[in-house]
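Trainee: I should like to learn how to read a charged side chain, a polar side chain and a nonpolar core in a model. May we take them in turn?

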Amino acid sequence: MKFQLKSNFKPTGDQPKAIKTLADNLKKGAKHQVLLGVTGSGKTFTMANVISKIQKPTLIISPNKTLAAQLYQEFKEFFPNNAVHYFVSYYDYYQPEAYIPQTDTYIEKDAKINEEIDRMRHSAVQDLLSRDDVIVVASVSCIYNIGSPENYKGISFEIKQNQKIKRSEFILKLSDLQYQRNDIEFKPGMFRVRGGAIEIFIVTGNEILRVEFSADKISKISTSEPSVSTSYKLQATSYRLFPAHFWLAPHEKIKLAIKNIQDELETRLKELKKQKKLLEAERLEQRTNYDIEMLQETGFCHGIENYSSHLEFREQGQAPFSLVDYFKDKDAGSLIFIDESHISIPQIRAMSIGDKIRKETLIDFGFRLPSAVDNRPLKFNEFEERVKQAIYVSATPGDYEISRAQSARGSSTKSGEKSGKNIIEQIIRPTGLLEPKIEIRKTENQIQDLIKEIKKYVEKKERILVVTLTKRLAEEIADYLLERNIKAQYLHSEVKTLERPEILNNFRQGKFDVLIGINLLREGLDLPEVSLVAILDADKEGFLRNKTTLIQTMGRAARHINGQIILYADKTTMSMQGAIDEINRRRKIQETYNKKNSITPTAIIKNIRNWEASKKEDIALEFPMLNDKSFDKLRTKGLLEKEMKQAVKNLDFERATELRDLIKKINTP
């Protein structure tokens, strides 16, 4: 299937030129380009049009989960008939394994995995291995090791109607894929046996597969959406089952990998004993042998990723496999957009350094084998090698992106100019909106002054962003405003991944008027209801108050017709002046364009999307109608009774009893 862009809008302003130039350059083989688009100029729409014209599988890298979620929602709307996926770190909480020699403190890996995000990750890689019309919106964590695409696809297996296979053999194959048997609690990644049939809840959570057997062969393959009423539909004659976990390998590879792990262990033990590190040697031997036993018995162990180089037969120091590698072998080639590249690129550049320092300490003190260091994110040069064609998207592109685009073949950027054949500016907004006005105020009594301004904007039913320097200050200001009957909420990195989009939706809907944050309120957030952005301590020169950051933060008010910026500062720093000059330059270009084309600025009206992932809970997945306040009791009761009878027919009495109790609850007034 080809990419099919669906939109009620047509490119306007700078968009048509940007789309054509980017697409033409890609067709000519340009490897690096920059889309310098101001906030509210429709960069996402431009990206979608480029994808539609180029027709290549696309990876979109965003600097954080919140922006990735927003982009994912937008691209799902632009391409409803294609495979659009969300790929971010699946940890709600993550404490990596570590050792502190100074205090002899070992910190065991502790993590809380978000199962919904894990399912979305599997869905993304499975579609990448199965089709070409795929867009994956990812955070920068996509450069971490997730295992070999060859292994992931190789261990999968295809079943066909009339295929000769015993039911017991099929169950063993499911176990090899790390699907767990559970006849009572049926969730993604599990299977249950129903007489002559086996039902598999696919790890992506999208469907339930039913495989029926007759005379040691598969007689029927059917699927159903996960719902209270399991209604199976006859499928095509085949179905491919993928693993329920990453970092799996076929049995024959696991045996050889275990042999290699044992050889490395033997060599490492000799080194430690030679260095008189007897405690470290004993510790390493016990831990590694336990993991080997688990691999021999189940094909999986806790921390299996630390043995990924053996499971994938990578040489020492060889780059790990990341999401980028799942795009690598596409016949049509692939395209990478790096959104908010001025932040994403430095993050990608730095990620492998901290990981290496932590791992080396674990290795030195006998907690891990030396090969564990190869379970890591990609180094920056390794990432660069995997980039076939990239478009860096930002209102404030960094030196790296500019230099790459300028040095690209065919670029003709003049000295002192940002625009060129491979650097495309998109400054004109389709709505004609101008850059916000800027005002500088003293920091003395800045909170009291801010409250007066907030009240003015609340009366007009407009939203306010307040930008602080610390998480603690954001929380304290939120509490202070609430005490004064101003509806406020803070947002920072400690707020759970799937709660952030919901907070932003509540903000747009007017459930509260003021949102306080730090750096999460800078890049890319699409909040057209915001008319005032107040930046506290704007003269505190540094990372959070440099020119780039200030321009990005000011851009949050650029989607409103009455956009206003207040900088609380006692002096005008070089960063402040540079940001003000750039905003004024863009405003002048916009005013000239509007005057020439007789355009009157109009407000942006944008639908408020529901972020479905934050709503899914276990009960909602299995009994979605029970969480809907508007459900029809009689209809639900009928569906439950129908499934209860089917459960009795299948001799699944535990399930029948569970359904009976639910019917009783519905009958209770």
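Trainee: Where does Arg-556 lie?

Mentor: Helices (H or I, at least four residues) and strands (E, at least two) are DSSP runs, numbered from the N terminus. Arg-556 is in the loop between α16 (547-554) and β25 (564-568). This is a predicted model, in which local features need pLDDT of at least 70, side-chain atom pairs count only at pLDDT 80 or more, and totals for chains, interfaces and linings use all residues. Residues are numbered from 1 along each chain as its sequence is written, and side-chain values use heavy atoms, with hydrogens and water left out.

Trainee: Which side chain of opposite charge is nearest to Arg-556?

Mentor: A salt bridge requires a side-chain nitrogen of Lys or Arg within 4 Å of a carboxyl oxygen of Asp or Glu. For Arg-556 the nearest candidate is Glu-340, 5.4 Å away, and Arg-556 has no salt bridge. The Arg-556 side chain does reach the backbone oxygen of Gln-552 at 3.0 Å.

Trainee: Is Ser-344 buried or exposed?

Mentor: Buried means under 20% relative accessible area, exposed over 50%, and partly exposed in between (1.4 Å probe, protein chains only). Ser-344 counts as buried because its relative accessibility is 0%. Ser-344 belongs to helix α10 (residues 341-364), and its side chain reaches the backbone oxygen of Asp-339 at 2.8 Å.

Trainee: How many residues has the largest nonpolar core?

Mentor: Such a core is a set of buried Ala, Val, Leu, Ile, Met, Phe, Trp, Tyr and Cys residues joined through side-chain atoms within 4.5 Å. The largest has 93 residues, and helix α7 (residues 251-274) gives the largest share, seven residues.

Note on methods. Lys and Arg count as positive and Asp and Glu as negative; His and the chain ends are not counted. A polar contact is a pair of N or O atoms within 3.5 Å; within protein, one must be able to donate a hydrogen and the other to accept it, and residues adjacent in sequence count only if both atoms are side-chain atoms.
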